[in-house]
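Here are my notes on the model you sent, set out as numbered points. Please read them with the structure open beside you.

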Amino acid sequence: MKFKSTLLLLAVIFSATTVMAQVTATDRISISGKVKDTKTGNAIEAATITAMTIRSENGQKDTLSNTSMSDKTGAFSLSTTKGINYILIISAVGFETFEQPLSAQPGASTMNAGIISLRTEAANLANVMVTARKPAMTLGVDRRIFNADAAVTAKGGNAVDVMKNIPSLSVDVNGGVQLRNGTPQIFVDGRPTILTLEQIPADDIEKVEVITNPSAKYDAGSTGGIINIIMKKNRKAGFNGVANLGIGTPEILNGGLSLNFRKNKVNFFASGNYNRGGGVAKSEAYRENKSNGVITDYFKQQSEGDRTRRFVSARFGLDYFFDNFNSISISQGFVNGRFGLDEDQYQQYLDQNGMLTNTGLRRNFEEDAFNRSSTQINYRKTFDKAGKEWTVDFNFNGGHNGGDAFIYNQRYQPDGTASGPVSRVDNYSTGSGKQYTFQTDYVNPISEKSKVEFGARSFHYVSDDKLDVYAVDNNVATKLPLSNNYRFREMVNAVYGNYSNELGKLKYQAGVRLEQSSFNGELIDSSLKFGYDYPSKGNDLWNTFFPSLYLTYPLSDGNDLQMNFSRRIRRPNFWQINPYVDITDPMNIRVGNPALRPEFTNSFELNYNRTFSTGNVLVSTYFRNNTDDITMYSDTISSKQLEDLHNAAIDPNALLTTFINADRTNRTGIEVTWQQKIGTAFDFTPNFNAQYRDVKATVNGMDLSNQGFNWSTKLMANYRVTGVRSKFANNFSFQLSGEYESPRVMPQGKQKEQYNMDFAIRKDLFKDKAGTITFNINDVFNSRRWGSITDTENFYQDSYRRWNVRSFRLTFSYRFGKQFEMFKRKEGGEEERS
């Protein structure tokens, strides 16, 4: 009843907001137009458009009314307070600021500013003072675009730190990201990657796109949405760059250099970064073992590990503009990383009366390393018709990984004397992986209202890995069944089509995507094969069919209502499907399930977007139905499984966690994101998400169904000091971000609540603001941890773990360079290329 009452209250608020928006919308006018480069004729993306009213009595600029940004076609639209006279201020990096006066007809609700052409800026950077900032986030009904530079708390960090600042996203202690309690697909520059978020420097990220319910244009394997990380690629005329250096604790050191040179038809860019961090990782577990519901004994475990991480990355490439309609971009990236872990694990075993029976000490030493390379080739052709384009892309990701781990386990009597010899297990691993993606897309606006899109994509992933595990007794090594020599090949071929048009005020887009997919895995030593194939021998055709539909209806200017639907697939990843046994924790063992099937998602959303002069509100209600939902399942280890793990220092009471297909999981929720400016110095962005989760699952005749309500909230606030008399106090910025996630249900229990807060201070230096110094604290209260409670007939376990700890970081960055005219004029007016 509480949940129904909550939904009723939210529905009333939603309806009242809509009615209020319709009433106030009559006092607003919509201004639209396009921004282009004067010399090339190309559209200018991410230009900042500011609308200001003009006092009729003196013609002076009066009130900042609203701001917007141009899209990739150069188009922009913003809603502002009704008046007669306006002035548009248009600015973009590398271009001169342009002002255009506009006059509206009395009573008009729309106004077209036409095509606005910007000239390339021809001034030294030292003489340029940037007075406007890009908005931290641009909200739309289909996606959120987050400006990475606005995440001051992430300065000198990695992509994980950026994700913590983005509304709708939550980040666990391992750096895993969730969107509305689902796992999104991670793209870099619109393509899959084998890099983890921790391996991507924050200072290399330009923006992050969050797409909650992707259309047929995007990979169907994105049931949890898409997070697309757009890397920086400067195209400013002349030579320029940015250098940064940071230090901090624990064991933090980072530095980077980004360079760009553009002249005539060629644009070169290059960047390099170094990032090091450390800290003590901790975890705890409390266990009650049961028999027929009666407690038989207890177990406690505490772990502390000194964790180190080092990353070195480099990226370079060029853009070549053949003419006004054809261009090609080539980029190459390299990442090298090393990880270390020195962990001690303390164990206590107690009988049913709570009396200590024995203890244990497990020591784990790990050293791992990897290298990755990424190659991108992108060809783009535009046409005289605005918005019409054809692109062809090739993307390659490849690399190697390897490492060694040595585990020592010793049991002790209650009096501290050793119980038996030390158990030793040695692990040696090597591996390699390659990803290839071929993609082509074609967009053609048939008219001002209608558009068609077509495309095709082929994705291939090949991986070979080998793990050798040995039990060492008196310096004699015996190979264990834990050893794993495996290979897999994953392939997804797809074609799609989208058609969009308008029926009166109703805008719609309908599309369909067809995907052929296969996964072929093999354990080479045992000849065990596993995987899936869709469609299988012509069957299961429905499992290759992924439709989508988007409907948008403008209630009034600045008030949009949108409904959408899509069908998606989540294919099990390698670790979920591979029957490899992970014994890092002797009491909590993990193994993949070769019989795991893909899950399918039917996703519905209803969005209301309200834009006003000082902010934006987006309200989303959603329902997701997951069939064959991939979820985790835990049980005590069997005697047969224990026998197979002979001499691997595994406890007889260990839990074995694997993955199963639940019958279905339904998620019903509402999300509200509000972006608000107060004056010119303060802005804040709160986000609230409430969800009801209903899980239905049965394993071996055991009903694991569960249901419950959960919610989360996140806030990012910024304050800038400007216009005060003190030169030192001017140009200070403060940022505070924090989040809270309530407990949420899972098939055998619940995940525990988690919360954290970050804080940063930024100071712009020098007369031209070319220098910036940033001090940030990540996890102010040292509270970020991930925990869960599992409760079954055989055991009860309460545990948590944390990888990262509170950190302090001081970073200095400096922008330098010179810009110049792309064309000089000879006497007589003839143009000469410089």
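1. Phenylalanine 808 is partly exposed, because its relative accessible area is 32%, and the class between buried (under 20%) and exposed (over 50%) is called partly exposed, using a 1.4 Å probe and protein chains only. This phenylalanine 808 belongs to strand β50, where strands (E, at least two residues) and helices (H or I, at least four) are DSSP runs numbered from the N terminus.

2. The model is predicted, with local features needing pLDDT of at least 70 and side-chain atom pairs pLDDT 80 or more, whereas totals for chains, interfaces and linings use all residues. Residues are numbered from 1 along each chain as its sequence is written, and side-chain values use heavy atoms, without hydrogens or water.

3. The chain has 4 helices and 52 strands, and 51% of its 834 residues count as buried.

4. The largest nonpolar core (buried Ala, Val, Leu, Ile, Met, Phe, Trp, Tyr and Cys residues joined through side-chain atoms within 4.5 Å) holds 24 residues, and Val162, Met163, Ile166, Leu169, Ile205, Val208 and Ile229 touch the most other members. At least two residues of this core come from each of α2 (159-163), β10 (169-171), β11 (177-179), β14 (205-211) and β15 (226-231), and α2 gives the most, with 4 residues.

5. Beyond its neighbours within four places in sequence, leucine 169 is in contact with residues including Met163, Val177, Leu179, Lys714 and Glu739, contact meaning heavy atoms within 4.5 Å. Another core, of 21 residues, lies apart from the largest one and has Ala47, Tyr86, Leu88 and Ile90 among its residues.
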